[in-house]
There are 2 protein chains.
Amino acid sequence: MDTLTPRQSAIWQFIRDYQAEAGFPPSRAEIARHFAFRSINAVTGHLEALARKGAIELAPDIPRGIRLLDLDRHDAAPPGLPLIGEVAAGSPLLAEQNIQRHCPVDAALFRPRADYLLRVTGQSMRDAGILDGDWLAVHATREARSGQVVVARVGHEVTVKRLWRQGGRLELRAAHPDFADIVPDADTQQVEIEGIVVGLIRADVS
Amino acid sequence: MDTLTPRQSAIWQFIRDYQAEAGFPPSRAEIARHFAFRSINAVTGHLEALARKGAIELAPDIPRGIRLLDLDRHDAAPPGLPLIGEVAAGSPLLAEQNIQRHCPVDAALFRPRADYLLRVTGQSMRDAGILDGDWLAVHATREARSGQVVVARVGHEVTVKRLWRQGGRLELRAAHPDFADIVPDADTQQVEIEGIVVGLIRADVS
DNA sequence: TCGAATACTGTCATTATATACAGTATTGCA
DNA sequence: TGCAATACTGTATATAATGACAGTATTCGA
């Protein structure tokens, strides 16, 4: 199918929202009113374009005879949170290549809102109740307070540690006696906060 | 709400099926045609009865302005998993009184399927990565293998422990040095397995 | 520089549709 | 016995809504 123009996409989404709210599709007049069109035929044109592109189906001569298609593409993105496993060196966390699949979890389950799930490798946060194989719900932000568990990028590696600020200096501490803390030298080692951990999902408890 | 008559229920279902098929609700004429009514007003009467009983909502003067309600009764249960907090002594875990709310989590996320979420109180399973305040995804079953983390009812109390079978004898072991294991005496203390823990959700990581 | 697609405004005829009003028959309940 | 709810038929009307036709302006690729 062809790509939708921004306008067409907006109309598609309005129909979806109206449908969810009312239980039936909007009339063309209602769509026109919402977009402040003076002419209803502006809507007709868009609907015909949407039908031609396969985004909707129009039932002729039937009031509100609009059927939404292409649910997977327009439907609030793939539902759930993107699941990130191995992170390719140097690539942004949310790069397509890192997303394994989407997990049917409500982002609003966590506060603040979770943006993605990150797979934990290793036992370095064991004493914080974070085990190997767990999925961490991460809120993507650069700002983290001292004491929070964060996702950080140290050099080319992505790691999960507890953040401490000691006199203007960052410290990334593991939660396991066998693992050494990371005290990056601001000059040589580049540390970037990728997000804060706001939740955890464990799918296999053995 | 009042109960629907068989005729009303049939009409409700036809509207649901038509809606799913077409993407929009049927007109009254179409409903009449399907049920071989000679008069469209027969449908109007039924729709008014359905609206009065809370099974649908009618948008006045709007063609096909039918909104289906009561989805939970006719369709699927409330989405997500029931969330169980404090358990009233002696009551079944899934009793209404114990269900705090429903959590938008896909039951199929866990293997085997999760039936409910149970709030963890205390630190007795700390070394298994299960912390105070976590939500455990529980698969309701009476059968558990040795080594699995289970939800068990000991007397009137519900507890989460790791199950071990030692020569035909049950043992419920905590995962924290400060907590004693439970070795129930089969004669005096009644132990029932309520389910096995198949997953974990932690909503606040501090 | 031509045409096609997008993005509208404006008018009008036709029909799809809801709804009011007037009936008939049956059932169950008080 | 009477009343309300169910379950329809039949006629009529106002309007909700689609769709056809006629325009204008802009953008973008060939």
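Which N or O atom in a side chain is 2.6 Å from a phosphate oxygen of DNA strand C? That atom belongs to B:Arg28. Here is a quick tour of the model around that spot and beyond.

First, some ground rules. This is a predicted model, in which local features need pLDDT of at least 70 and side-chain atom pairs count only at pLDDT 80 or more, while totals for chains, interfaces and linings use all residues. Residues are numbered from 1 along each chain as its sequence is written, chains are lettered from A and ligands numbered from 1 in the order in which they are written, and side-chain values use heavy atoms, with hydrogens and water left out.

## Chain A at a glance

Chain A has four helices and ten strands. These elements are DSSP runs numbered from the N terminus: helices are H or I with at least four residues, and strands are E with at least two. Read from the N terminus, their order is α-α-α-β-β-α-β-β-β-β-β-β-β-β.

Of the 206 residues in chain A, 49% are buried. Buried means under 20% relative accessible area, exposed means over 50%, and partly exposed is in between (1.4 Å probe, protein chains only). The chain exposes about 10,800 Å², and carbon and sulfur atoms supply 48% of that; such areas come from the Shrake-Rupley method with a 1.4 Å probe, and for residues only the protein chains shown count as cover. Among contacts (heavy atoms within 4.5 Å) in chain A with a separation of 6 or more, 54% are between residues 24 or more positions apart.

## DNA strand C

Around DNA strand C there are 23 residues, and A:Arg7, A:Asn41, B:Arg28, B:Asn41 and B:Arg64 come nearest. A residue counts as near a molecule or strand if one of its heavy atoms lies within 4 Å of it. Sugar or phosphate accounts for 69% of the strand C atoms within 4 Å of the protein, and bases make up the rest.

Which elements supply at least two residues each to this surface? They are α1 (6-22) and α3 (40-52) of chain A, together with α3 of chain B. With four residues, α3(A) gives the most. By type, the residues near strand C split into seven nonpolar, eight polar and eight charged. In this scheme Ala, Val, Leu, Ile, Met, Phe, Trp, Tyr, Cys and Pro are nonpolar, Asp, Glu, Lys and Arg are charged, and the others, Gly among them, are polar.

## DNA strand D

DNA strand D has 22 residues around it, with A:Arg28, A:Asn41, A:Arg64, B:Arg7 and B:Asn41 coming nearest. Here 73% of the strand's atoms within 4 Å of the protein belong to sugar or phosphate, and the rest to bases. The nearby residues divide into seven nonpolar, seven polar and eight charged.

Some of the polar contacts to the two strands are listed below; a polar contact is a pair of N or O atoms within 3.5 Å, and within protein one must be able to donate a hydrogen and the other to accept it, with residues adjacent in sequence counting only if both atoms are side-chain atoms.

| Residue | Protein part | DNA strand and atom | Distance |
|---|---|---|---|
| B:Arg28 | side chain | C, phosphate oxygen | 2.6 Å |
| B:Asp61 | backbone | C, phosphate oxygen | 2.8 Å |
| A:Asp61 | backbone | C, sugar or linking oxygen | 3.5 Å |
| B:Ser39 | backbone | D, phosphate oxygen | 2.9 Å |
| B:Arg52 | side chain | D, phosphate oxygen | 3.3 Å |
| B:Lys53 | side chain | D, phosphate oxygen | 3.4 Å |

On the strand D side, the elements giving two or more residues are α1 (6-22) and α3 (40-52) of chain B. The largest share, four residues, comes from α3(B).

## Inside the protein

Over all chains, there are eight aromatic pairs. Rings of Phe, Tyr and Trp (its six-membered ring) pair if their centres lie within 6.5 Å; planes under 30 degrees apart are stacked, over 60 edge-to-face, and the rest tilted. A:Phe35 and A:Phe37 are stacked because their ring centres are 5.7 Å apart with planes at 25 degrees, and both residues are buried. B:Tyr18 and B:Phe24 are edge-to-face, at 6.2 Å and 65 degrees.

A:Arg202 sits in strand β10 (residues 191-202) of chain A and counts as buried, at 3% relative accessibility. Its side chain reaches the backbone oxygen of A:Gly129 at 3.1 Å and that of B:Gly129 at 3.0 Å.
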